[in-house]
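User: Hi! I'd like to go through this structure with you and hear the reasoning behind the labels. Could you show it first?

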Amino acid sequence: MIVILQSNVTEEQIDHVLRRIEALGLQHHLSRGTFRTIVGIIGDEEKLQAEPLHAIPGVAQVIPVLPPYKLASLEAHPEPSIVDVSGVKIGNGHLGMIAGPCSVEDRDRMFRIAESVCESGANLFRGGAYKPRTSPYAFQGLGETGLKLLREVGDKFNMPVVTEVTDPRLVELVAEHADMLQVGARNMQNFALLTEVGKSQRPVLLKRGMSATITDLLMCAEYILSQGNMNVVLCERGVKGFDSATRNLFDVAAVPLIHNLSHLPVIVDPSHATGRPDLIPACALAGLAAGADGVHIEVHDCPEEAKSDGPQALLPDQYRQLADQMKELVKLFGKTVSPLPEKMG
Ligand code: PEP
Ligand code: MN
């Protein structure tokens with residue numbers, strides 16, 4: 001931690017700052033410049049909080065040397081992590097291809113869509129049983145019935161399944177049926193939910209909030225990691241932009257930026273990022289070119305009948321075509337699509 005003192009700091013104030021540092025059992029290094037005096041603090045940064053230091057009279061600025069997300073940072077873990085979702089690996093050369101409808105819907109349709117995305121090479125099946133909707137009157141998801149159906153579909157095709165959990169009280173139930181727990185953009189900073197998914201040992205797909213900075217996202221991942229659950233995959237799904245031409249603004253730079261800061265795998269979700277099927281293929285490929293460890297895409301066989309997010313769904317054939325292109329592209333980077341597990345159970 002580096003403390004920059006105000007230009008008009010008094011000797012008494014400097015003394016006071018040094019005494020506070022000593023009281024914490026830390027060492028200090030005072031450096032008097034022509035215009036500014038700075039204090040370097042040597043020792044365990046964990047004993048320090050930037051905020052109280054900032055409140056000491058005479059202190060202008062406090063600059064932490066290490067990022068506040070210790071467990072998520074590359075310093076803590078210099079090698080890229082691999083998250084294992086019931087046998088499907090994501091990260092460090094292993095590509096997660098997540099596909100499926102926005103919501104879990106009727107049975108035949110679920111089996112149809114799963115069969116098709118599975119044939120195209122998807123290795124994780126998605127579908128929301130609990131839907132966070134803007135309107136309380138919109139379809140809220142099939143709940144537990146949806147979870148059971150999703151599990152059945154996953155078992156039939158031997159594909160691990162990912163589904164959103166919207167409430168800390170539902171974590172245990174969702175974890176019973178799903179291989180991976182999704183924390184959606186609207187719940188990224190639901191700290192009670194993050195703590196609960198952290199206690200569960202299920203892998204977590206943490207989506208970036210629509211107004212969240214990368215630091216915010218990594219701090220939310222830290223909540224999960226700090227509970228002992230190290231299986232976290234981050235997802236860039238677009239942030240609020242000023243132009244309603246796309247549903248959100250796809251922040252493709254987030255992918256290499258997160259890789260520069262964290263060991264956690266990062267995937268992209270061009271479906272929610274753009275909200276437009278005509279833009280999804282280009283953005284999916286752009287995400288992979290930027291180094292994404294996976295792609296999350298909504299697929300529906302009859303978008304006009306979809307219970308949610310129909311307008312942004314790719315048709316199964318469109319997904320098949322894109323999946324072929326994605327598989328070709330990642331060969332360039334020496335990455336492979338993690339195969340389906342031999343047998344799930
Ligand atoms: C979803 O995956 O269907 C979803 C609601 O995503 P997000 O939280 O990114 O909006
Ligand atoms: Mn959706």
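User: How do you know whether histidine 272 and glutamate 298 are buried or exposed?

Analyst: Happy to explain! This is a predicted model, and the label rests on relative accessible area, with buried meaning under 20%. Both histidine 272 and glutamate 298 are classed as buried, so each falls under that 20% cut-off.

User: What makes a residue a donor of the manganese ion (ligand 2), and which ones are they?

Analyst: The test is an N, O or S atom within 2.8 Å of the metal. Cys102 (SG), His272 (NE2), Glu298 (OE) and Asp309 (OD) lie 2.0 to 2.4 Å from the manganese ion (ligand 2), so they meet that limit and count as its protein donors. Their spacing along the sequence reads C-x169-H-x25-E-x10-D.

User: Why can one say that histidine 272 and glutamate 298 tie parts together?

Analyst: Histidine 272 belongs to helix H9 (residues 270-274), while glutamate 298 belongs to strand E14 (residues 294-298), so the pair links parts 26 residues apart in sequence.

User: Which residues lie nearest the centre of the second largest pocket?

Analyst: They are Pro132, Arg186, Arg247, His272 and Asp309, out of 19 lining residues. Two names there are familiar: His272 and Asp309 are also among the manganese donors. The pocket holds about 280 Å³ of space.

User: What makes up the lining of that second largest pocket by class?

Analyst: Its lining divides into 3 nonpolar, 6 polar and 10 charged residues. Asp and Arg count as charged, so Arg186, Arg247 and Asp309 belong to the charged class.

Notes
Residues numbered from 1 in each chain as written. Chains lettered and ligands numbered in written order. Predicted model: local features only at pLDDT ≥ 70, side-chain atom pairs only at ≥ 80, totals over all residues. Heavy atoms only, no water. Donors = N, O, S within 2.8 Å, 3.2 Å for Na, K, Ca; no water. Helix = DSSP H or I, 4+ residues; strand = E, 2+ residues; numbered from the N terminus. Buried < 20%, exposed > 50% of the residue type's maximum accessible area, 1.4 Å probe, protein only. 1 Å grid on protein atoms, 1.4 Å probe; cavity = no way out; pocket = protein on both sides within 12 Å on 5 of 7 lines; lining within 4 Å. Points joined across faces, edges and corners; volume = space filled by probe spheres on them.
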